[in-house]
Amino acid sequence: MARIFGYARVSSREQNLDRQIYELKKYVNEENILMDKSSGKDLERPAYQALKGALGLREGDTLIITSLDRLSRDKEDIKNELQWFQKKKVRLKILDLPTSLIEVPDGQQWILDMIQNILIEVLSSIAEQERLTIKKRQKEGIEAAKAKGKHLGRPSIGQPKEFAEIYDQWKRKEITAVEARKKMNLSSSTFYRMVRQYESASKGT
């Protein structure tokens with residue numbers, strides 16, 4: 001027998017679930033409403049994972065939420081979750097999306113599949129646009145910083161003033177590379193990078 005569940009979520013323990021529960025109770029028995037007080041930044045939430053677990057939603061069931069962002073704040077995650085519901089043949093009803101609430105006669109399931117596919121396609125486009133926008137802003141930020149002469153990334157380590165002296169000791173095999181690095185407090189990669197730069201500069205003089 002098909003079952004109906006509700007799912008409510010707020011981002012923190014200080015926030016109140018009452019409004020969502022009030023709306024869900026119009027369609028779902030209160031004992032079938034699962035709740036999380038957890039951020040929507042990822043999907044690792046106890047109640048939601050229980051819904052998706054072995055004892056949770058199964059083919060023919062319906063899950064009702066008040067809005068899509070109750071599943072996640074991330075458009076890509078939402079799209080993936082919609083695909084999961086579709087694959088498991090679980091009906092998802094979203095109260096602030098009236099088209100998701102329509103009832104269809106037996107044999108007309110394709111209408112609901114079409115609505116779900118459109119929603120997935122729209123979310124995919126939005127998610128892709130958000131990614132492109134973020135990438136564009138990052139590029140613009142880097143270019144603006146470069147124009148102002150700012151150094152991006154990890155700050156470069158200046159050559160220690162005693163480098164030439166310690167380098168000579170190392171080359172004469174008076175000390176090992178490990179000892180040379182320790183004297184200047186340098187990592188292996190930084191030490192050898194400075195050696196290459198020093199030797200290259202010496203050849204050019």
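Here are four short exercises on a predicted model, each with a worked solution.

**Exercise 1: Placing Arg70**

Work out where Arg70 sits, whether Arg70 is buried or exposed, and which backbone oxygen its side chain reaches.

*Solution.*
- Step 1: start with the location. Arg70 belongs to the loop that runs between strand 3 (62-65) and helix 3 (75-88).
- Step 2: check the accessibility. Arg70 has a relative accessible area of 15%, and buried means under 20%, so Arg70 counts as buried.
- Step 3: follow the side chain. It gets to the backbone oxygen of Arg9, at 2.5 Å.
- Step 4: look at who else is around. Setting aside neighbours within four places in sequence, the contacts of Arg70 are Tyr7, Arg9, Val10, Gln20, Arg45 and Ile65.

**Exercise 2: Asp69, next on the list**

Find the element that holds Asp69, classify its accessibility, and name the residue whose side chain Asp69 meets in a polar contact.

*Solution.*
- Step 1: Asp69 is also found in the loop between strand 3 and helix 3.
- Step 2: its relative accessibility is 36%. Partly exposed lies between under 20% (buried) and over 50% (exposed), so that is the label for Asp69.
- Step 3: the side chains of Asp69 and Ser67 are joined by a polar contact of 2.5 Å.
- Step 4: for a sense of distance, take Leu51. Leu51 and Asp69 are 18 residues apart in sequence, and their C-alpha atoms are 17 Å apart in space.

**Exercise 3: Taking the core apart**

Which residues have the most contacts inside the largest nonpolar core, and which elements each supply at least two of its residues?

*Solution.*
- Step 1: the largest nonpolar core contains 21 residues, and Leu57, Leu63, Leu68, Leu82, Phe85 and Leu92 have the most contacts inside it.
- Step 2: at least two residues each come from strand 1 (4-10), helix 2 (46-52), strand 3, helix 3, strand 4 (91-94) and helix 4.
- Step 3: helix 3 gives the largest share, four residues.
- Step 4: zoom in on Leu57. Beyond residues up to four places away in sequence, Leu57 touches Arg3, Phe5, Leu51, Thr62, Leu63, Trp84, Phe85 and Val90.
- Step 5: don't stop there. A second, separate core has 12 residues, among them Ala177, Met184, Phe191 and Met194.

**Exercise 4: Nonpolar, but on the surface**

Identify the residues that form a nonpolar surface patch with Ile118, then classify Ile118 itself.

*Solution.*
- Step 1: recall the background. Nonpolar side chains tend to be buried together in soluble globular proteins.
- Step 2: now the patch. Ile118 forms it with Trp110, Met114, Val122 and Ile126, and together they have about 460 Å² of accessible area.
- Step 3: Ile118 is part of helix 4 (residues 109-147).
- Step 4: with a relative accessible area of 48%, Ile118 is partly exposed.

Key. Residues numbered from 1 in each chain as written. Predicted model: local features only at pLDDT ≥ 70, side-chain atom pairs only at ≥ 80, totals over all residues. Heavy atoms only, no water. Patch = residues over 30% accessible without salt bridge, like charges linked within 9 Å, V, L, I, M, F, W, Y side chains within 5 Å. Areas by Shrake-Rupley, 256 points an atom, 1.4 Å probe, with all protein chains shown as cover. Salt bridge = Lys/Arg side-chain N within 4 Å of Asp/Glu carboxyl O. Buried < 20%, exposed > 50% of the residue type's maximum accessible area, 1.4 Å probe, protein only. Polar contact = N/O pair within 3.5 Å; in protein donor to acceptor, adjacent residues only side chain to side chain. Contact = heavy atoms within 4.5 Å. Core = buried A, V, L, I, M, F, W, Y, C linked by side-chain atoms within 4.5 Å.
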